[in-house]
Amino acid sequence: MKDAYEAIFLLAGLTGVLVAAVVYCVLTFMGYWKMFKKAGEPGWKSIVPIYDTYTAYKMTWKTTYFWIILLVGIVSSITTYYAGLTSVKGMWYWLDFIVSLVLIVLHWMTASRMSKAFGKGFGTTLGLFLFKPIFVIILGFGSAEYKGPQA
């Protein structure tokens, strides 16, 4: 009987995670769709993986940074993989730590550029950094106007 309850709780937990993931994706798609429309981009670009991020970078700063972040993300995946496999863990752990910090800084810079492109300040930057789907919805459906990439 105990195993049946464990299975039910596991299934309920997995269902909750799946529902949360779907809600996260739908909210992000909707917000990006409206944001892209405000920036003069077709809304359908928001539902194409990777291309939506590329379009967001095009709206906020140069697409060169998109390719840099994509490369850093790939390097991060490789360093994380080798940090878990190799017996010489110290070097790989430190390299993975540094690459992860670079990704965090670049993510912050992207959130800052996005909020400035819509005429918003630090609060929106912090919101985009920590609660992206909520603040993408706010920028997309709110009164924010696209002002273009800011220096």
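This note goes through selected helix contacts, charged side chains and individual residues of a predicted model.

1. Helix 1 against helix 6. Helix 1 spans residues 2-38 and helix 6 spans residues 132-141; their axes come within 8 Å of each other and cross at roughly 30°. The crossing of helix 1 and helix 6 is left-handed. On the helix 1 side, the residues in contact are Y24, L27, T28, M30, G31, Y32, K34, M35 and K38. They meet K132, P133, V136, I137, L139, G140 and F141 of helix 6. By residue type, the contact of helix 1 with helix 6 divides into 10 nonpolar, three polar and three charged residues.

2. The salt bridges. The count for this model comes to two salt bridges. In one of them, the side chains of E41 and K45 meet with an N to O distance of 2.7 Å. In another, K58 meets E41 at 3.4 Å, again N to O. K58 lies in helix 2, whereas E41 lies in the loop between helix 1 and helix 2; the pair is 17 residues apart and links distant parts of the chain. E41, K45 and K58 are thus linked in a network of salt bridges.

3. Burial within that network. E41 is buried because its relative accessible area, 15%, is under the 20% cut-off. K45 is also buried, with a relative accessible area of 7%. K58 has a relative accessible area of 36% and therefore counts as partly exposed.

4. D52, a charged residue without a partner. D52 sits in helix 2, which covers residues 51-60. Which side chain of opposite charge is nearest to D52? It is K132, 6.8 Å away; D52 is buried yet has no salt bridge. A salt bridge would require a side-chain nitrogen within 4 Å of a carboxyl oxygen. K132 is also one of the helix 6 residues that meet helix 1. Leaving aside neighbours within four places in sequence, D52 is in contact with Y32, F36, K45 and S46. Of these, K45 has a salt bridge with E41, and Y32 belongs to the helix 1 side of the contact with helix 6.

5. A56, also in helix 2. A56 is placed in helix 2. Is A56 buried or exposed? A56 is buried, since its relative accessible area is 5%. Not counting residues up to four places away in sequence, A56 touches Y32, F36 and M114. Y32 and F36 also appear among the contacts of D52. The C-alpha atoms of A56 and F29 are separated by 12 Å, and the two residues are 27 apart along the chain.

6. I50, a backbone point to check by eye. I50 is found in the loop between helix 1 and helix 2. Its phi is near 70°, a positive value in a residue other than glycine. I50 counts as exposed because its relative accessibility is 54%, over the 50% cut-off.

7. W108 in helix 4. Helix 4 runs over residues 89-117 and contains W108. At 28% relative accessibility, W108 counts as partly exposed. Which residues does W108 contact, leaving aside its neighbours within four places in sequence? They are F122, T125, L126 and F129. W108 and G73 are 35 residues apart in sequence, with 15 Å between their C-alpha atoms.

Definitions and conventions. Residues numbered from 1 in each chain as written. Predicted model: local features only at pLDDT ≥ 70, side-chain atom pairs only at ≥ 80, totals over all residues. Heavy atoms only, no water. Axes fitted to C-alpha atoms, helices over the stretch in contact; angles between N-to-C directions. Helix = DSSP H or I, 4+ residues; strand = E, 2+ residues; numbered from the N terminus. Left-handed = near helix turned anticlockwise from the far one by under 90°. Contact = heavy atoms within 4.5 Å. Nonpolar A, V, L, I, M, F, W, Y, C, P; charged D, E, K, R; others polar. Buried < 20%, exposed > 50% of the residue type's maximum accessible area, 1.4 Å probe, protein only. Lys, Arg positive; Asp, Glu negative; His and termini not counted.
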